[in-house]
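The following exercises are to be worked with the sequence and the coordinates at hand. Each task is followed by a solution in steps.

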Amino acid sequence: MRISNNNKLYALSILVRKEIADHIRSWKFIVLLAIILLTCVASLYTSLQALKNTAPTPNDSDAAFFFLKIFTTSDGTMPSFHLFVGFLGPLLGICLGFDAVNSEFNGRTLGRILSQPIHRDYFLNAKFIGALTVIGSLFASLILLTIGTATLLVGFPPSLIECNRLFLFTLLTVVYIAFWLNLSMLFSVRFRHTATSALVAIAIWMFFTVFYPIIINIVAKAVQPNPYASEAEIMQYQHFMLTLMRFAPSQLYSDGTNMLLMPSIRSLGPLHMEQLQGAIPSPLPVWESIKVAWSQMVALIACTIVCFAASYYFFMRKEIRC
Amino acid sequence: MEGDKMDNPIICVRQLTKKYGDFTAVDHLDLEIATGEIFGLLGPNGAGKSTTILMLLGLSEPTSGEIEVCGTDPVRSPLAVKRLVGYLPDNIGFYEGWTALENLILTAQLNGISYTDAKQRALSLLEKVGLQDVVEKKVGKFSRGMRQRLGLADSLIKEPKVLILDEPTLGLDPMGVKDFTSLIVRLSREEKLTVLLSSHQLYQVQQICDRVGLFIKGKLVADGPIQDLALRLFQDKTRHIQLKVHQTDIQRTRDILENMQAVKAIKQKDDMFQINADDMIVHQLAKMLVEQDITIAQLQQRTYGIEDIYAHYFEGGSTYEDK
C-alpha cells in the first residue's frame, strides 16, 4: 500500500514531475520556447547555408571542425547560435524561475504541500531540478537535432572531439541558464509579488546586456592610455578592461563558449608577439581549451551555486503562514 | 486550567511560546486533547490560533515550550507528525489548472502512496465529501464550498489520526456551514479521528465540539465543555430574565416585581421588563404571576452561551483593540 519510507526520493520525484508538467503546460514557457526555437533554427539555417557555399580557407585551423562552426558561423544577416543563446538564455531562465516560490505562496499551495510528510527543501530542490531538466532536455535536443540535420546535409558524421566539445558546450549553456534560473528563484523567495521578482530579474538582465557595456565604454574612455604609452601600460589597460567585462555573466559564458567551439583560440586576453612566435597554428586539445577558460567556467558555476544557496537559506527560514 | 488529568492525550502542549520579534503570538500555552474528541479552539482573529496549529504541525518553530503530537515531537521529527496529522489550512490553495482528482492524487503521492492506490482512495474520498460529479473538473472553477469539501478530502487522504482544521467554516454560507460541520462530525466519527478545529465563528463550533478552549491574545483563558464553561464562569453572576405581559397588566406586574426580594433591578419599556435577579426565580415568578391572573406573553431566563463567555473575556481584556 504505502511505498516504504526509505524511498524518500519518491516524494521528490513526484514533485519534480509536477514541476516539469507545470512548465510544459504553461503559456509563458510555450511562448518563450517558440521564440527560442524560431531564432535558433533560423541562425542554424543561415550558418549551414553560409558554410555550404564558402569553402574553408586553407590556413583556417578550425576547418576540421565543421560541426562546431555551425554554432558559431553567421552570414551576417543573423547572429550565430551561441550569441542568440547568450542573449535569450537568461530570459528562459528568468521565465522558469521568477514565480517559482511566491506564486505558490500567494496561491496558498505552499502550505498544503509543506504540510505533507516531505522535507522542506524538497520543494525548492524539486523546483530547481524540474526547471533544469526542462532546460537541459531543450538544449540537448536542439543541438542533437542540428547535428543530425547537418549530418544529413553534408554526409559525414561529427568526430569524437567535436562531440566532446559540443557536449561540454551544452553543459555550459545549461549552467549559464541555471544561473539566471537561480537568480530569479532567489527573487521569488524574497519578494512576495511575482511581478516584483520578474521585474527585478529582468532589470538585472537588462543592466548586463544593455547598460553594462555602455558603462564599460565610459570607463574605457576615461582610463585609456596615451597611444604612445609603453607596452606594459597598454597590456595593463587591456587586462583591466577584460576584468571589468567579466563581471557580466554573459561575458563569462561567451568566453567559455568561444573556447569550446573554436579550438584554435589560445588565449582570451592580449598576447605578446614573442608569446606567439614559434606557435603552430593548430587547434588545442579539449582539455587545453578548458584550461584557458577555466576560471570563467568556475566563476559561472560558483555564481549559480551562490544564488541557489541564498535562495535555499531564505526559503528554509521563511515563515510559511500567509 | 482544568485539574483533571487525561488518560491518553493525543496532543499535549506545555508552556508553548512563540514570539515574532517583540510580539508574543502564543504565550505559555498549556493544552491537552484526548484521543477521539472534537476540540474547538476559539478566539478572535490574531489570537494566535493559526500560529499554534502551525507549531503543532512542525511548520513553525516554537520559541520555547514542549509539544507532543501522537507521542512525537513535531520540532524534532516533523515528518512523523505530518504523516499522522491531516491539516486543512484556512483558505486552502489548490493548483487551479488541475482537476480535483489530480490535486488529491498529488497529495496522496507525497504521502508515499502509489498512483493506483492514490487514485482509488481519492475517488472514494471525493464521493464521501459529495464531489463525485466534479472529479474531472478543474479546481479553478470550484465554488468556495466545493473547495472546502475538497480540502477536507485532501486532509483525509493520508488516513490521519488527527485532523486539524483552521477556520474550516470561514466564507461559507449558513447552509454550507451546516453541511460542512455535519460532514466533519460524520467523517471524524467514521474514521475515529481526533479533530482540532479553530474558529472565531461561535455558534457553528458550539454545536459540534465536545470541548472548547478559549484563546485570547496568545493565552488559553478557559477550556472545557461549553456548558461547564458557562456554569463555572457565571455562577456568581446575576440572572437576566425577560418578561412580557399584556398591556393591561403592566402596573400590577411592576408591583409584584418590586416586592420580590431576589429582584435587584428592573428595566421597563412599555410591556417589556428586563429583570436582574440573584437566584433562579423564574419558576417562582411564573407561579406568582399566574396566581395574580396576569397574562404572560413571554417569560424567559437568558441562558449563557458561548457568546457570553466570549464577550466576558473580550470585555475583561479591555486592551483588545478590535473591540
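**Exercise 1. The make-up of chain A**

How many helices and how many strands are there in chain A?

Solution. Before counting, note that this is a predicted model. Step one is the count itself: chain A has 14 helices and zero strands. Step two is the order of the elements, which from the N terminus on reads α-α-α-α-α-α-α-α-α-α-α-α-α-α. Step three concerns the dimensions: along the principal axes, the C-alpha atoms of chain A fill a box of roughly 70 × 50 × 35 Å. Step four turns to burial, where a residue counts as buried if 20 or more other C-beta atoms lie within 10 Å of its own. Of the 322 residues in chain A, 34% are buried. Finally, consider the contacts in chain A with a separation of 6 or more: residues 24 or more positions apart account for 82% of them.

**Exercise 2. The sheet of chain B**

Determine the strand order of the six-stranded open sheet in chain B, and describe the pairing at its two ends.

Solution. Reading across the sheet gives the order E5-E6-E7-E3-E8-E9, with mixed pairing. The edge strands are E5 (85–88) and E9 of chain B, each of which pairs on one side only. Neighbouring strands are turned by 15° against each other on average, direction ignored.

At one edge, E5(B) runs parallel to strand E6 (residues 162–166) of chain B, and four bridges join the two. Within this pairing, B:Tyr87 has B:Ile164 in E6(B) as its bridge partner.

At the other edge, strand E8 (residues 211–216) and strand E9 (residues 219–224) of chain B run antiparallel and are joined by five bridges. B:Ile216 is matched with B:Lys219 in E9(B). The two strands form a hairpin with two residues between them, and B:Lys217 in the turn has a positive phi of about 50°.

**Exercise 3. Helices lying across the sheet**

Which strands of chain B does helix H1 (residues 49–56) of chain B lie across?

Solution. Helix H1 of chain B lies across strand E3 (38–42), E6, strand E7 (194–199) and E8 of chain B. The angle between H1(B) and E6(B) is about 150°. Next, take helix H5 (residues 144–156) of chain B, which lies across E5 and E6 of chain B and runs at about 160° to E5(B).

**Exercise 4. The contact between the chains**

How many residues does each chain give to the contact, and which elements contribute on the side of chain A?

Solution. Chain A gives 22 residues and chain B gives 24 residues. On the side of chain A that touches chain B, the elements giving two or more residues are helix H1 (9–25) and helix H6 (109–114) of chain A. H6(A) provides the largest share of that side, five residues. Sorted by class, that side has ten nonpolar, six polar and six charged residues.

**Exercise 5. Domains and confidence**

State the domain bounds of chain B and assess the confidence of the model.

Solution. The domain assignment gives domain 1 (9–224) and domain 2 (236–301) of chain B. Their centres, taken over C-alpha atoms, are separated by 47 Å.

For confidence, begin with the whole model, which scores ipTM 0.85 and pTM 0.84. The mean pLDDT of chain B is 84, and 91% of its residues reach 70 or more. Among the elements of chain B, helix H3 (residues 100–110) has the highest mean pLDDT (95) and helix H11 (residues 306–316) the lowest (67). Over residues 317–323 of chain B the pLDDT is below 50, and this stretch has six contacts in the model beyond near neighbours in sequence.

Methods:
Residues are numbered from 1 along each chain as its sequence is written. Chains are lettered from A and ligands numbered from 1 in the order in which they are written. This is a predicted model: local features need pLDDT of at least 70, side-chain atom pairs count only at pLDDT 80 or more; totals for chains, interfaces and linings use all residues. Two strands pair if DSSP finds at least two bridges between them. Two residues are in contact if their C-beta atoms, placed from the backbone, lie within 7 Å. Ala, Val, Leu, Ile, Met, Phe, Trp, Tyr, Cys and Pro count as nonpolar, Asp, Glu, Lys and Arg as charged, and the others, Gly among them, as polar. A residue is buried if 20 or more other C-beta atoms lie within 10 Å of its own, exposed if 12 or fewer, and partly exposed in between; C-beta atoms are placed from the backbone. Axes are lines fitted to C-alpha atoms, for helices over the stretch in contact, and angles run from 0 to 180 degrees between N-to-C directions. Domain bounds come from an automatic or database domain assignment. pLDDT is the predictor's confidence in each residue, from 0 to 100.
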